[in-house]
Amino acid sequence: MAEKSFTLQVPDSELEYLKKKLELTRFPDELEGAGWEYGAPLVDIKRLVTRWKDGFNWRASEDHINSFPQFTRDIELEGHGTLNIHYIHKRSELGDNAIPLLFVHGWPGHFMEVSKILPLLTAVSPDQPSFHVVALSLPGYGFSDAARLPGFSSAEKFAEVGHKLMLALGYKEYVTQAGDWGYTITRKMQVMYGGTHVKAWHTNFSPLDPPQITKQPWHYLKWLVTPLTERDRAGFARTRWFRTEGYGYFLEQSTQPQTLGYSVADSPVGLLAWIYEKLVVWTDDYPWTDDEVLEWVSIYWFSKAGPAASLRIYYDASKAGELGNNVPRTNVPYGLSYFPKEIIYAPKAWARMIGNVVLEVDHNAGGHFAAHEQPELLAGDVKKMFGVGGPAYGVVPGKNGYAIGE
């Protein structure tokens, strides 16, 4: 399980191959005036493909990515052998008193989603807590191995990976922060390892189902007699849009991921359109630059296992029944940040069905990729949760995030 330093360097042959694939692109037609109604607009994809082929500097992106301290390590997993796991590990200059924090991404995210909040969380200040931050590439994403056997890509196995990585790094007690699938994975972690190892968890995503009279009778009855707030109405409208107009990808990836895999593995333009659509419609008018988009998508294209591997979590987690409210409630402290353009925006009361909620913060801007869209707000919420006077201050014994004596 020895740690090895990692430097990303895509071979020239892979860059040449990508350019040839882009040169051979055959674009579809498009209805006049369709805009975003039918999906990613042709004008956008043509512009991005031209930039990817003729102007985008991947080597500059590599330099950016390599500016973060990265490593790989073999992790032995029950029933699935050994997987080589890639991760960022940035220790705070505070030293041993910093709070160990595991950041977990989802789809179509990746390990570099942590890049904007990393300096904010590792900064040392007498007024705010500081963290040692670990951000892994989930198996099948980025530069980690993918599983070789069916059934791996469930929240339980990803939780095992994250936990064993933290133990290997010497962090026997730690906290987590996550969104998207990272929410499902860290929720599973606090059930599997909560109290003993996972001391608190924070998320910016809460895709919860309504309370059911047979499973949560108290919450169900309370919900029936509680008037809707303006926030609730806006949240239901956003969730209804997602379920009716933005959910097709989920149905395909959770039922036939291999079929879709041929397209995203062979066609860089297919992969680009598939991810670009989500980057735009899942955010709160975030001003994406073309190079931001292309770096994001290129991480998938050049990933170790290939982009098809990233889709399988939808199938395996769905089959394992790990979605919705199907997780036991624990007393592990739970913090939530709510951003208005999140794809599923549930009432606050629903979160209390699954966890010991100690912090809730509503924001006026931001969407699904909060760490990238609103890094200052998200990092601020994490610091508020674990800082002096916060509801999870001192939750990791001997590591309160401040210099000794402060």
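Buried here means under 20% relative accessible area, exposed means over 50%, and partly exposed is whatever falls in between (1.4 Å probe, protein chains only). Helices (H or I, at least four residues) and strands (E, at least two) are DSSP runs, numbered from the N terminus. The model is a predicted one, so local features need pLDDT of at least 70 and side-chain atom pairs count only at pLDDT 80 or more, while totals for chains, interfaces and linings use all residues. Residues are numbered from 1 along each chain as its sequence is written, and side-chain values use heavy atoms, with hydrogens and water left out.

A good place to start is strand β8 (residues 333–338), where six of six residues are buried. In a regular strand, side chains alternate between the two faces of the sheet. Both faces of β8 are covered: Pro333, Gly335 and Ser337 are buried on one side, and Tyr334, Leu336 and Tyr338 on the other.

Strand β8 belongs to an open sheet of nine strands with mixed pairing, in the order β1-β2-β3-β5-β4-β6-β7-β8-β9. At its edges stand β1 (4–5) and β9 (356–362); each has a single partner strand, so one side of each has no neighbour in the sheet. Two strands count as paired if DSSP finds at least two bridges between them. On one side, β8 pairs with β7 (residues 198–203) in the parallel sense over three bridges, and threonine 203 stands opposite leucine 336. The pairing of β8 with β9 is also parallel and runs over six bridges, with tyrosine 338 matched to aspartate 362 in β9. Elsewhere in the sheet, β2 (residues 70–77) and β3 (residues 81–90) run antiparallel and are joined by eight bridges; here arginine 73 has isoleucine 85 of β3 as its bridge partner.

What does leucine 359 touch, not counting residues up to four places away in sequence? With contact taken as heavy atoms within 4.5 Å, the answer is Tyr334, Gly335, Leu336, Asp381, Lys384, Met385 and Pro391. Leucine 359 sits in strand β9 and is buried, with a relative accessible area of 8%. Its C-alpha lies 6.1 Å from that of leucine 336, although the two are 23 residues apart in sequence.

Next comes the core. A nonpolar core is a set of buried Ala, Val, Leu, Ile, Met, Phe, Trp, Tyr and Cys residues joined through side-chain atoms within 4.5 Å. The largest one has 116 residues, and those with the most contacts inside it are Trp107, Leu136, Ile185, Leu272 and Phe386. Helix α12 gives this core its largest share, seven residues. Leaving aside neighbours within four places in sequence, leucine 272 is in contact with Ile45, Leu48, Val49, Trp52, Val293, Leu294 and Val297. In soluble globular proteins, nonpolar side chains tend to be buried together.

Salt bridges make up another part of the picture. The term covers a side-chain nitrogen of Lys or Arg within 4 Å of a carboxyl oxygen of Asp or Glu, and the structure holds 20 of them. In one, arginine 47 meets aspartate 290, with the closest N and O atoms 2.9 Å apart. Arginine 47 lies in helix α2 (residues 42–54) and aspartate 290 in helix α12, so the pair ties together parts that are 243 residues apart in sequence. Another links the side chains of arginine 51 and aspartate 291 at 2.8 Å, N to O. Arginine 51 is in α2 and aspartate 291 in α12, so this pair ties together parts 240 residues apart in sequence. Arginine 51 is partly exposed at 32%, and aspartate 291 is partly exposed at 30%. By contrast, arginine 231 and aspartate 232 are buried. Salt bridges with shared partners join Arg231, Asp232, Lys348 and Asp362 into one network.

A few backbone details round things off. Most residues other than glycine have a negative phi, and most peptide bonds are trans. Tryptophan 107 and proline 108 are joined by a cis peptide bond, with omega about 0°, and proline 108 lies in the loop between β4 (99–104) and α4 (118–122). Aspartate 180 has a positive phi, near 50°, in the loop between β6 (174–178) and α6 (181–192). Aspartate 285 has a phi near 55° and lies in the loop between α11 (268–281) and α12 (290–301). Aspartate 180 is buried at 10% relative accessible area, whereas aspartate 285 is exposed at 73%.
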